[in-house]
Amino acid sequence: MNRIMSRWLPAYAFLYIVFLYLPVIFLPIFSVNTSAVPQFPLSGLTTKWYEELPNTPALLDAAWNSLIVGVAAAVLSTILGICAARAITRYRFRGRTAINGLIMAPLVLPEIIVAISLLIVLLQLGFSLSLFTVVLGHILICIPYSMTVLTSGFEGFDRSLEEASADLGESAFGTFRRVTLSMVAPAIISSLLVSFTISLDEFILAFFLAGTDATLPLYIWGQLRFAAKLPGVLALGTLLLVGSFLLVTIAEVIRRRAARRTQNEGGAIV
Amino acid sequence: MSDRPMIEIRNVTRSYGSFKALDDAKLSIREGEFFSLLGPSGCGKTTLLRMIAGFDNPTSGSIFIDGQPMAGIAANRRPTNMVFQSYAIFPHLNVGENVSYGLKRLKLDAGEEKRRVEEALEQVSLTGLGKRGATELSGGQRQRVALARALVMRPKVLLLDEPLSALDKKLREQMQVELRRLQQAVGITFILVTHDQYEALAMSDRIAVMFGGRIAQVDKPQEIYQRPATRQVADFLGGMNFVKADVVAVNGETITLETLGFGRITTAKPAGFSGNGASTTLGIRPERLRVMWDDEKAKHEIAGKVIERHYFGEITQLVVNVDGLEKPLSVTETNDFGADDIPVGAPIRLGYDPDALVAMAD
Ligand SMILES: Nc1ncnc2c1ncn2[C@@H]1O[C@H](COP(=O)(O)OP(=O)(O)OP(=O)(O)O)[C@@H](O)[C@H]1O
Ligand SMILES: [Mg+2]
């Protein structure tokens with residue numbers, strides 16, 4: 001069994017990666033094609049689609065909106081995530097697992113259901129649709145990711161460090177700032193980056209909850225109706241792809257480095 | 001050391017539900033004293049230490065430090081500092097930053113702060129390691145950083161929770177000597193928690209022995225070792241031969257006992273002794289029984305037969321059967337006269353000093 005597995009595993013992994021990433025490869029390829037029609041063979045190489053991007057006011061507006069929504073969602077979901085992660089790693093209270101489960105639930109709920117439910121609730125509450133409602137929706141789906149990153153940050157944390165700080169005369173707030181926050185700072189940065197990326201790329205919630213202000217994915221969706229605009233969309237998509245990939249990579253690198261630091265408490269024997 | 005009490009524990013109880021982790025503890029620890037809390041795992045040593053530090057509060061009773069009641073005073077406002085069992089070195093700070101952590105709040109001028117950090121590092125022999133990262137230290141060095149970080153605050157009381165238990169034997173013995181020397185140099189009251197009786201005996205001015213949340217005896221190391229108040233204390237501090245004894249007479253502070261092996265003995269009355277006519281327990285440490293060679297004579301002797309011999313390098317332990325005693329006696333003898341050559345089965349005479357026999361409450 002094991003032998004068969006180990007023979008086929010590389011082939012399986014290869015197919016999996018091709019299936020997952022091949023379509024993604026076409027995005028940058030066609031975004032540098034001179035022809036507006038995405039087909040092989042390429043008719044020539046150009047960067048004109050990229051050069052046009054900054055000259056499209058609607059796109060710049062959408063980018064600005066995405067930035068605002070992304071930053072707001074990232075900051076708020078990280079703040080909420082810090083409180084929740086600290087409570088869950090620190091205190092053993094009744095219903096702890098249940099609450100943890102509920103916070104993580106948006107990860108597996110169909111996004112369209114979440115979107116429609118939120119839409120109904122927000123309208124019932126008398127909110128008018130705007131970027132603010134998009135932020136609310138994004139916080140909901142970002143929190144599970146923030147929580148995952150932050151919980152791992154808080155878990156490597158030895159309670160006696162806070163006691164040591166109090167013992168040395170520091171107040172509760174000073175302890176939180178000088179010990180707790182400094183030690184989980186990498187997890188916090190990582191959570192900010194990941195939530196920002198998720199918000200930046202999110203479409204369905206934004207589609208239902210945005211009023212007249214479009215975010216980048218909504219802008220792209222709007223442009224898809226015009227065949228002539230396709231190369232511009234591909235160029236924009238490529239940029240988003242590269243940006244997201246970079247942000248998530250940085251987040252993961254920071255998180256791992258921090259995890260290594262807190263777990264390496266044993267230290268070298270000198 | 002002065003006679004002024006630095007810490008007073010007045011009838012302190014700490015309950016978790018119906019379980020009492022600490023039961024009606026009373027203690028008075030003097031200024032400048034090296035005091036140890038000794039006891040087996042789970043006896044409540046850490047519980048007591050953490051209440052002194054302010055991380056936990058008594059369910060009832062009160063704690064005074066330097067005459068001040070500590071009720072309602074948080075850990076960061078108490079004149080105590082702690083060396084944690086896990087050391088709790090801040091991993092995101094280097095050695096110097098760890099040591100200066102508590103000084104930052106005092107807002108000293110930069111030169112003064114630097115001077116105090118260097119002084120503290122010197123006290124624990126870590127001079128020049130200020131820039132070293134906290135995760136790049138050996139166990140012994142981490143222990144020293146924890147010590148320096150607490151000492152630099154110049155507390156009235158330094159609390160140490162099993163500070164040496166994570167170190168290997170050699171380093172532990174070296175640190176015992178250093179800690180004791182350091183305490184005498186700085187003159188601060190040290191309270192050491194340990195479950196290692198040798199550590200407590202070697203380092204302390206006085207020891208409190210605890211069992212199951214209760215303080216069984218508080219005294220100087222020699223007294224604790226030679227005059228244990230109860231069988232439990234005697235047992236915890238090393239080997240002890242117990243002999244059943246009948247009380248013949250009680251005269252004020254002394255009692256006269258009749259035993260089968262050791263005859264009639266008059267000794268100090270144990271603290272917890274209740275009435276006469278009862279039976280009690282006599283104890284004698286294995287090293288207080290001496291092997292009598294050939295024509296050697298002692299004023300008090302007991303005869304028996306060697307039934308087991310165990311070799312431990314510098315000493316040999318003999319197990320000697322004595323007629324009339326329900327249990328054989330354990331005897332330890334240094335090997336310089338050939339105790340390791342005594343054959344099993346040989347008849348043997350053991351000399352003793354009646355003062356070495358202690359009456360104990362059960
Ligand atoms: N938070 C708590 N809840 C319930 N019981 C507790 C709690 N903290 C301590 N105990 C109990 O109180 C008793 C004393 O604990 P303590 O930590 O003081 O022991 P200790 O003497 O320091 O032992 P050790 O040598 O193992 O550190 C133990 O039986 C422990 O299980
Ligand atoms: Mg303990």
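These exercises, each with a worked solution, walk through a predicted model with chains A and B.

**Exercise 1. Describe the contact between chain B and chain A.**

Step 1: Count the residues. Chain B gives 28 residues to the contact, and chain A gives 26 residues.

Step 2: Take the area. About 2,300 Å² is buried between the two chains, and carbon and sulfur atoms give 54% of this.

Step 3: Look for polar links. There are 11 residue pairs in polar contact between chain B and chain A, counting pairs with both residues at pLDDT 80 or more.

Step 4: Place the chain B side. The elements giving two or more residues to it are helix H1 (45–53), strand E6 (80–83) and helix H4 (139–151) of chain B.

Step 5: Sort that side by residue type. It holds 12 nonpolar, 9 polar and 7 charged residues.

**Exercise 2. Find the salt bridges across the interface, and name one.**

Step 1: Recall the principle. Side chains of opposite charge can pair when their charged atoms come close.

Step 2: Count. The interface of chain B and chain A has 2 salt bridges.

Step 3: Name one. Glu170(A) pairs with Arg105(B), and their closest N and O atoms are 2.6 Å apart.

**Exercise 3. Explain what the salt bridge of Glu162(A) and Arg86(A) ties together.**

Step 1: Check the distance. The N to O distance in this salt bridge is 2.9 Å.

Step 2: Locate both ends. Glu162(A) sits in helix H7 (residues 159–167) of chain A and Arg86(A) in helix H3 (residues 57–90) of chain A, so the pair ties together parts 76 residues apart in sequence.

Step 3: Judge the exposure. Glu162(A) has a relative accessible area of 9%, so it is buried. Arg86(A), at 22%, is partly exposed.

**Exercise 4. Examine two salt bridges within chain B.**

Step 1: Start with Arg30(B) and Glu33(B). Their closest N and O atoms are 3.8 Å apart. Arg30(B) is partly exposed at 28% relative accessibility, whereas Glu33(B) is buried at 0%.

Step 2: Turn to Glu112(B) and Arg115(B). Their salt bridge spans 3.4 Å, N to O. Both residues lie in helix H3 (residues 110–123) of chain B, 3 residues apart, or about one turn of the helix. Glu112(B) is partly exposed at 25%, and Arg115(B) is partly exposed at 43%.

Step 3: Look for a network. Arg4(B), Glu31(B), Asp66(B) and Lys156(B) are joined into one by salt bridges that share partners.

**Exercise 5. Give the domains of chain B and their separation.**

Step 1: Read the assignment. Domain 1 covers 5–226 and domain 2 covers 239–360.

Step 2: Add the distance. The C-alpha centres of domain 1 and domain 2 of chain B lie 39 Å apart.

How values were computed: Residues numbered from 1 in each chain as written. Chains lettered and ligands numbered in written order. Predicted model: local features only at pLDDT ≥ 70, side-chain atom pairs only at ≥ 80, totals over all residues. Heavy atoms only, no water. Contact = heavy atoms within 4.5 Å. Buried area = accessible area lost by both parts, 1.4 Å probe. Salt bridge = Lys/Arg side-chain N within 4 Å of Asp/Glu carboxyl O. Polar contact = N/O pair within 3.5 Å; in protein donor to acceptor, adjacent residues only side chain to side chain. Helix = DSSP H or I, 4+ residues; strand = E, 2+ residues; numbered from the N terminus. Nonpolar A, V, L, I, M, F, W, Y, C, P; charged D, E, K, R; others polar. Domains from an automatic or database assignment. Buried < 20%, exposed > 50% of the residue type's maximum accessible area, 1.4 Å probe, protein only.
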